Amino acid sequence: MLTGREIARLAGVSQATVSRVVQGSTRVSEENRRRVEEAMAKYGYVPNAQARAMRTQRSGTIGVIVGEFTNPWYPVMMYALAREINHADLRINFWVSDGGNSEQAAIEAIRSKQIDGLIFTTATRESPALRTALELSLPVVLVNRSLEEITSDQVVGDNIGGGAAIATHFLNHGRTSVAVVGGGPWVSTGRERRQGFLDVFADAGIHIPPDRTPETRFTHQAGLDAGRLLLADDPPDAIFCATDIIAFGVIDAAKERGLRVPEDLWVAGYDDIPMSAWKVLDLTTVRQPIDEMAKLSLRILLTRIDNPKAEVEQKRFPTELVLRGSTGNTPM
């Protein structure tokens, strides 16, 4: 079994460089990282995790807290993060932000220093695990959802711009009797998507009444319930939903009422989860660059682990409008 010192000699680098590569540090040039990784692969070098943890005072494990899997967006983001963390030769622990046993397990891992840093995909002001991590100065990156009131590294999509893109698309095609479903004030994603949508209509001089802006949870059932109310009497001609899963519920409500999508009603969602492209759903939606968000989130977290005093990074990625059959496949 080769040692780290021998891998350093074979790769033509210092032992410290080998250690940084094994730890997933960002303070290594791409050329040196490539040489070390090639040497490790060629000679089958496997770092001793326990010895590394004792030497570096790090666990080599990244924690990730995701939302409930009833929203298929979270498994997609989880897979993207897992791929990046595995590529960095680090271990990963996942927990579900449910306020129950799973999140309590995350809190215990934070307190016992079983993880070196934490990526949050579903943060709210009331998140117990986030509060614990911040109290103990654990490196944290918020991805997907943001919190303005805390100073933290954050990686999000342009939710306001995404909501505005849907609104502009509706207006460009004469859809002025509209509704927006989901997006209460308690989470940044829904709040910002709603804001972007409503602002465009307000700028056009069109007021959307409160009974056409129901706030809901991000579930299929919430979309179904809201759709039933909106479509019961004098239905709108287009509905924007803060997530794709809400949009699926609205489409089911339309079918119950005998309304055809898109002939009688346009429906648009947000997130572009894989199901949205299924022909049976064919949902117009807004796509976020999940792979890029995952890659940057981990890079920022590893930088924060290496240097807790590094400048805070907050990145907002542009989004893309994806037109499909639920709005008639019409161009902008």
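Student: How far does the backbone oxygen of glycine 182 lie from a polar atom of the side chain of arginine 194?

Tutor: This is a predicted model, where local features need pLDDT of at least 70 and side-chain atom pairs pLDDT 80 or more, while totals for chains, interfaces and linings use all residues. Residues are numbered from 1 along each chain as its sequence is written, and side-chain values use heavy atoms, without hydrogens and water. The side chain of arginine 194 also reaches the backbone oxygen of proline 214, at 3.1 Å. For glycine 182, the distance is 2.5 Å.

Student: Which side chain of opposite charge is nearest to arginine 194?

Tutor: Arginine 194 is buried (under 20% relative accessible area, 1.4 Å probe, protein chains only). It has no salt bridge, meaning no side-chain nitrogen of Lys or Arg within 4 Å of a carboxyl oxygen of Asp or Glu. At 4.8 Å, the nearest such side chain is glutamate 215.

Student: Is helix H12 largely enclosed or not?

Tutor: H12 is a helix (a DSSP run of H or I, at least four residues, numbered from the N terminus) covering residues 290-306. Because 13 of its 17 residues are buried, the rest of the structure leaves H12 largely enclosed.

Student: Which element gives the most to the largest nonpolar core?

Tutor: A nonpolar core joins buried Ala, Val, Leu, Ile, Met, Phe, Trp, Tyr and Cys residues through side-chain atoms within 4.5 Å. The largest has 48 residues, and Ile62 and Cys241 are among those with the most contacts inside it. Strand E1 and helix H5 are among the elements that each supply at least two residues. With nine residues, the element giving the most is H12.

Notes. Buried means under 20% relative accessible area, exposed over 50%, partly exposed in between (1.4 Å probe, protein chains only). Lys and Arg count as positive and Asp and Glu as negative; His and the chain ends are not counted. A polar contact is a pair of N or O atoms within 3.5 Å; within protein, one must be able to donate a hydrogen and the other to accept it, and residues adjacent in sequence count only if both atoms are side-chain atoms. The expected span of a helix is 1.5 Å times one less than its number of residues.
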